[in-house]
Amino acid sequence: MSAAPASAARTLRLRRPDDWHLHLRDGEQLGAVLPFTCARFARAIVMPNLQPPLTTTELALGYHRRICERLPAGAAFEPLMTVYLTDRTDPAEVDHAHESGRIFGFKLYPAGATTHSEAGVTDLRRIDRVLERMSEAGMVLQVHGETADPAVDVFEREARFIDEALAPLAQRHPRLRIVVEHITTRRAVQFVRAARPGIAATITPQHLLLDRNALFAGGIRPHHFCLPVLKTAADRAALIEAAVSGDARFFLGTDSAPHARRAKEAACGCAGIFSAHAAIELYAEAFESAGRLDALPGFASQFGADFYGLPRNSAEITLRREPWQVPDAYPFGADELVPLRAGQTVAWRIAS
Ligand code: NCD
Ligand code: ZN
């Protein structure tokens, strides 16, 4: 199925997309953000960085139940669960996860690299046996690809992790399927392009639409802060080039990561950008700016499913090129949530 080029791309019909990297949180916050994703995506790889983290199959399945209980009436949405790797993950957990039929990967957070990663892995050698079992089971490793070493410049942490940790790990486990999540640099694009089979990457809307200047436009902009942090214009250009290239190793993963306004607008504001309210619409903008709307269906609705060995969705959505104004904030439990593009316009909207 390809994009229907109706009337100078005023509308765009595509296979219902999937989000291959998403934070849904829990409780009331989960209830507040889940409808946005359900309105756009058929499935999502759901991150396990709750507090406490979902370090076992049992915990991930409990979270799956809580997500399903909060689904809007009539929503056809399938959460694809992940388990949080620690130094002490038991290789037998891979078998439990695999047998559950609901777990689609294990998430590697280098300890200290990002939000709620304190329980992550301190030394990759410690999970070699788990990774061996994952290779055998065909289970995907999702990687937050940044070194947690505070001595490394924050803008260099992705490249350093790739060169010093990820490349050797991929060599030690030549059959392990790996998704380098939310890539942000030209170096990451090069790594994936040159990598052995079985290695792919997701790209967020913010890294396609913004560069690091957006963090300091007229003053400090906490709602543009996420990890990995926004990079240079040249990095952004490399990401756009990869996303629109039709190379099936690059696919959609929003990393939509909601935080309460007061946790973002603070002396030490936390990392995470919320984009689920306009996710596919923002990708459409990025692809349109590159003159490559025709490449959106592959990136958004095909390559991720193919990589995970899941069927492509059969339902469709239609996007219409009709600007709308994003609210200043959305309700978020007892707090509120400032979305990407708050108070500004998005060029595309969901028509059905
Ligand atoms: C994520 C979060 O808030 O959970 N934050 C972010 O900036 N992306 C964690 C993550 O994916 O790094
Ligand atoms: Zn994330």
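Visitor: Why is the site of the zinc ion (ligand 2) called irregular?

Guide: This is a predicted model, where local features need pLDDT of at least 70 and side-chain atom pairs count only at pLDDT 80 or more. Residues are numbered from 1 along each chain as its sequence is written, and side-chain values use heavy atoms. The angles among the four donor atoms run from 92 to 143°. Four donors count as tetrahedral if all angles lie between 85 and 135 degrees, and as square planar if opposite donors are over 155 degrees apart and all others between 65 and 115; anything else is irregular. So the site with angles of 92 to 143° is irregular.

Visitor: What makes His21, His23 and Asp255 donors of the zinc ion (ligand 2)?

Guide: They coordinate the zinc ion at 2.0 Å. Donors are N, O and S atoms within 2.8 Å of the metal (3.2 Å for Na, K and Ca). Their sequence spacing is H-x1-H-x231-D.

Visitor: Why is the pair of Phe307 and Tyr308 called edge-to-face?

Guide: The ring centres lie 5.9 Å apart and the planes stand at 75°, so the pair is edge-to-face. Rings of Phe, Tyr and Trp (its six-membered ring) pair if their centres lie within 6.5 Å; planes under 30 degrees apart are stacked, over 60 edge-to-face, the rest tilted.

Visitor: What makes the pair of Tyr84 and Tyr109 tilted?

Guide: Their planes are 35° apart, with 5.2 Å centre to centre. That is neither stacked nor edge-to-face, so the pair is tilted.

Visitor: How do you know that Arg212 sits over the ring of Phe155?

Guide: The charged end of Arg212 is 4.8 Å from the ring centre of Phe155. The rule asks for NZ of Lys or CZ of Arg within 6 Å of the ring centre and within 35 degrees of the ring normal. Arg177 lies over the face of Phe307, at 5.5 Å.

Definitions and conventions: Chains lettered and ligands numbered in written order. Tetrahedral: all angles 85-135°; square planar, octahedral: opposite > 155°, others 65-115°.
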